[in-house]
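Work through the exercises below with the model open. Each task is followed by a solution in steps.

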Amino acid sequence: MNYYGDVAYAHREHLGARAILLGLKPSVLATLTTSLGMIALATSQLAPVRTFGIYSAVCLCVAAIVLVFAFPKLSEWLCKRGYLDAIQGVKSKSDAAQGGNVASDSEISLPVAEWAQKYAAWVHRNYLSLCLLGMLLLGVSFYGLLHLKSSTKFDEMFPKKSYTVQSMAWIEEHLGPIASVEVLMQFPKPSRLEPYDQLVWVDRVTQELRKNKEIGGVVSAATFLPKLPTGGRIRDVSKRAVMRTEIAKQMDQLADQELVTDSADATVWRITTKVSALSKLDYGELTRRVRETVEPIEREEKLFETIYTGLSPIMHDTQLALLDDLGSSFTTAFLLITPVMMLIARGIRAGLLIMVPNVLPETLVFGMMAWFGYSIDIAGILTASVAMGIAVNDTLHFVNWYTHRLAVGDTREQAIADAFSNCGKAMVHTMLISCCSMLPFMLAEFNPTRQFATLMIAMMSSSILGDLVLLPALLLSPLGKTKQLVTPAV
């Protein structure tokens, strides 16, 4: 729509088609970079994240194709009269100043707003302070980012007063914990231990686990059998001999109850421990408490090996995967998008320079989350690479206009002022529209959905600061005197 206003300044017919042609290059590159940001999520270990990234990238490309073919006609029906009437006064003054000559699409030069000239001059005078402040924010937030924590606890996914959390709290208060850590004791074959001897070790581990205050309940095969004799009296010896025979006979029944399984390599006994899903301890800490109870017994004779699984360990692994995925998706998005920026900036150094403002929003938001003690959840990891892809859109249009003005002979300050005047409002409008599209998710009962919306709004808002404050300061600094950005394109 910004390009539509530009062509309406110099033409009266076929405005939609002219706008598409004028903005085709940066728009295609913007679609590409946003898609790359979404495709970067395909590196995730979590299937829902991968699916989100792939579907989003495909839908965005389809939407871009529809836009290219539908916009000319739709804009002709809905926008032409209003734009022509609104711009007629400005156009008449400019045409009179140019002697009545009509500019071509490639020569469109709208008047530079006075505020844009003053703002560009202010940025030029203060570029050093702005660059230092931007780099300081980047450094502080990046340090915080290194200490960012993730969370997969169920009670943190819903409001405290929600029915789901209240039901979980009631069950844990009146019946017992609902989360679990499964301890699998593997006795490798061939083994000198008979089923009864293995059960003795299972019972010992079970009893030790019950002594742990963080464990609310323990269930194993020993739970459903008579108490194992431990003394040396004749009665205990006799009972032990009978149970040794009976346990061997009941192995199939225990297997049917999913308490033990027998394979070619090992006999595996299952111990289910119940831990609180509402505990202040995370799932990793709860699993560690179980391991600390079992491992000393395991090391005594080394008769068995232990595997830890169940809800708590899996959620802990998911928690670790969230941070890994955040780093990998963000890095992948950066590596995929940066070459595109180098292409439009026509140089490696210039491309890296204009990527700095697009890294700032993500590091700033996640860094501040870490500094203030907030945790990221499964929906939060979607935001980093997607936000970078969206933030780059404004940068592409701004730099495209900036390099165009340099190519026609403007100084760097004049080119910045012209880009402000012609792109600034459109960039702000784009940010506001994108943020508004996230607002409905703020009403969701599911906290990860609300966090997704909150983070996207925060990143898209801060991306404007990067594009309209830090980026111009970098371009007006000595770093902006790159040959590729200053030399007119052929």
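**Exercise 1. Is Y143 buried, partly exposed or exposed, and which ring does Y143 pair with?**

Solution.
1. The relative accessible area of Y143 is 47%. The model is a predicted one.
2. Buried means under 20% and exposed means over 50%, so Y143 counts as partly exposed.
3. A search of the whole structure gives eight aromatic pairs. One of them joins Y143 and W371, with 5.9 Å from centre to centre and 40° between the planes.
4. Planes under 30 degrees apart would be stacked and those over 60 edge-to-face; the pair of Y143 and W371 is therefore tilted.
5. Y143 belongs to helix α6 (residues 127-145) and W371 to helix α13 (residues 348-371), so this pair ties together parts that are 228 residues apart in sequence.
6. W371 has a relative accessible area of 46%, and is partly exposed.

**Exercise 2. Describe the pair formed by W201 and F304, and state where its two residues lie.**

Solution.
1. The ring centres of W201 and F304 are 6.1 Å apart and the planes stand at 55°, so this pair is tilted.
2. W201 is in helix α8 (residues 195-210), while F304 is in the loop between α11 (283-301) and β6 (305-309).
3. The pair therefore ties together parts that are 103 residues apart in sequence.
4. W201 and F304 are both buried.

**Exercise 3. Which residues are linked into a cluster by ring pairs?**

Solution.
1. The cluster consists of Y119, W122, F398 and F420.
2. Ring pairs provide the links within the cluster.

**Exercise 4. Compare the radius of gyration of the protein with that of a compact globule, and give the dimensions of its box.**

Solution.
1. For 490 residues, a compact globule would have a radius of gyration near 23 Å.
2. The protein has 32 Å instead.
3. Along the principal axes, the C-alpha atoms fill a box of roughly 120 × 45 × 45 Å.

**Exercise 5. Summarise the elements, contacts, surface and charges of the whole protein.**

Solution.
1. The protein contains 17 helices and seven strands.
2. Among contacts with a separation of 6 or more, 78% come from residues 24 or more positions apart.
3. Of the 490 residues, 49% count as buried.
4. The exposed area is about 24700 Å², of which carbon and sulfur atoms supply 63%.
5. There are 44 positive and 44 negative side chains, and the centres of these two sets are 4 Å apart.

Notes
Residues are numbered from 1 along each chain as its sequence is written. This is a predicted model: local features need pLDDT of at least 70, side-chain atom pairs count only at pLDDT 80 or more; totals for chains, interfaces and linings use all residues. Side-chain values use heavy atoms; hydrogens and water are left out. Helices (H or I, at least four residues) and strands (E, at least two) are DSSP runs, numbered from the N terminus. The radius of gyration is taken over C-alpha atoms; the globule rule is 2.2 Å times the number of residues to the power 0.38. Buried means under 20% relative accessible area, exposed over 50%, partly exposed in between (1.4 Å probe, protein chains only). Contact means heavy atoms within 4.5 Å. Accessible areas come from the Shrake-Rupley method with a 1.4 Å probe; for residues, only the protein chains shown count as cover. Lys and Arg count as positive and Asp and Glu as negative; His and the chain ends are not counted. The place of a charge is taken as NZ of Lys, CZ of Arg, CG of Asp or CD of Glu. Rings of Phe, Tyr and Trp (its six-membered ring) pair if their centres lie within 6.5 Å; planes under 30 degrees apart count as stacked, over 60 as edge-to-face and the rest as tilted.
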